[in-house]
Amino acid sequence: MFKKHATVRYPEKTREFSEIYRGMHVLKRDDKGAERCTACGLCAVSCPAEAITMEAAERKKGEENLYREEKYAAKYEINMLRCIFCGLCEEACPKEAIFLTDRIVTTDYGRDSFVYGKDKLVEPVDARIDVTKRQTPEVLEFKQQKKLSHNR
Ligand code: SF4
Ligand code: SF4
């Protein structure tokens, strides 16, 4: 009876989250605002829940400011009901294009609304999502190596 409750009165109270809490993903842009994802598919292959699907497209002339490389994801979807937030997609990505963040996937009544597309996943140009604190010192050091093409 006098024991500490295991539950909290959410949403009035929230628990403290770990600094590296793995929540909703973000698809990052580069310094100039172009989408980093090249639709290589490595995140999808590494996903144990088969939650990621995408369609690749070729960048057209004049779209250099939109997409970082010649290939990009015309469609990119994550099924949040399948996702187990393991972070393997983030680890697999050679372009530092996908990260899990501390944002929570919101609840809903319909299953379809949990399939998140680029409209929800790509960070807005004017509201960038800082993920630097979630990266290890080794990764941050690696990113300084400008000679590696994906760090440009
Ligand atoms: S966090 Fe894990 S389960 Fe979720 S999409 Fe990424 S690899 Fe798949
Ligand atoms: S998010 Fe990364 S691993 Fe996934 S398709 Fe894009 S570039 Fe490849």
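1. A residue counts as near a molecule if its C-beta atom, placed from the backbone, lies within 6 Å of it. The comments below concern a predicted model, and this criterion underlies the description of its ligand surroundings.

2. Around ligand 2 there are 14 residues, of which Cys37, Cys40, Cys43, Cys93 and Ile98 approach nearest. Sorted by class, this shell consists of 11 nonpolar, two polar and one charged residues.

3. Ligand 1 is likewise surrounded by 14 residues, and the closest are Cys47, Ala49, Cys83, Cys86 and Cys89. The shell of ligand 1 comprises 12 nonpolar and two polar residues, with no charged residues.

4. The model contains an open sheet of three strands, arranged in the order E2-E3-E5 with antiparallel pairing. Strand E2 (52-58) and strand E5 (115-116) form the edges, each pairing on one side only.

5. Seven bridges join E2 and E3, which run in the antiparallel sense. Within this part of the sheet, Met54 is placed opposite Tyr76 in E3.

6. Strand E3 spans residues 71-79 and includes Lys75. Is Lys75 buried or exposed? Lys75 is exposed, because 12 other C-beta atoms lie within 10 Å and the limit for an exposed residue is 12 or fewer.

7. Leaving aside residues up to four places away in sequence, Lys75 touches Met54 and Glu55. A further relation links Lys75 with Ala39: the two are 36 residues apart along the chain, and their C-alpha atoms are separated by 8.9 Å.

Key. Residues numbered from 1 in each chain as written. Chains lettered and ligands numbered in written order. Predicted model: local features only at pLDDT ≥ 70, side-chain atom pairs only at ≥ 80, totals over all residues. Nonpolar A, V, L, I, M, F, W, Y, C, P; charged D, E, K, R; others polar. Helix = DSSP H or I, 4+ residues; strand = E, 2+ residues; numbered from the N terminus. Buried ≥ 20, exposed ≤ 12 C-beta atoms within 10 Å, placed from the backbone. Contact = placed C-beta atoms within 7 Å. Pairing = 2+ DSSP bridges.
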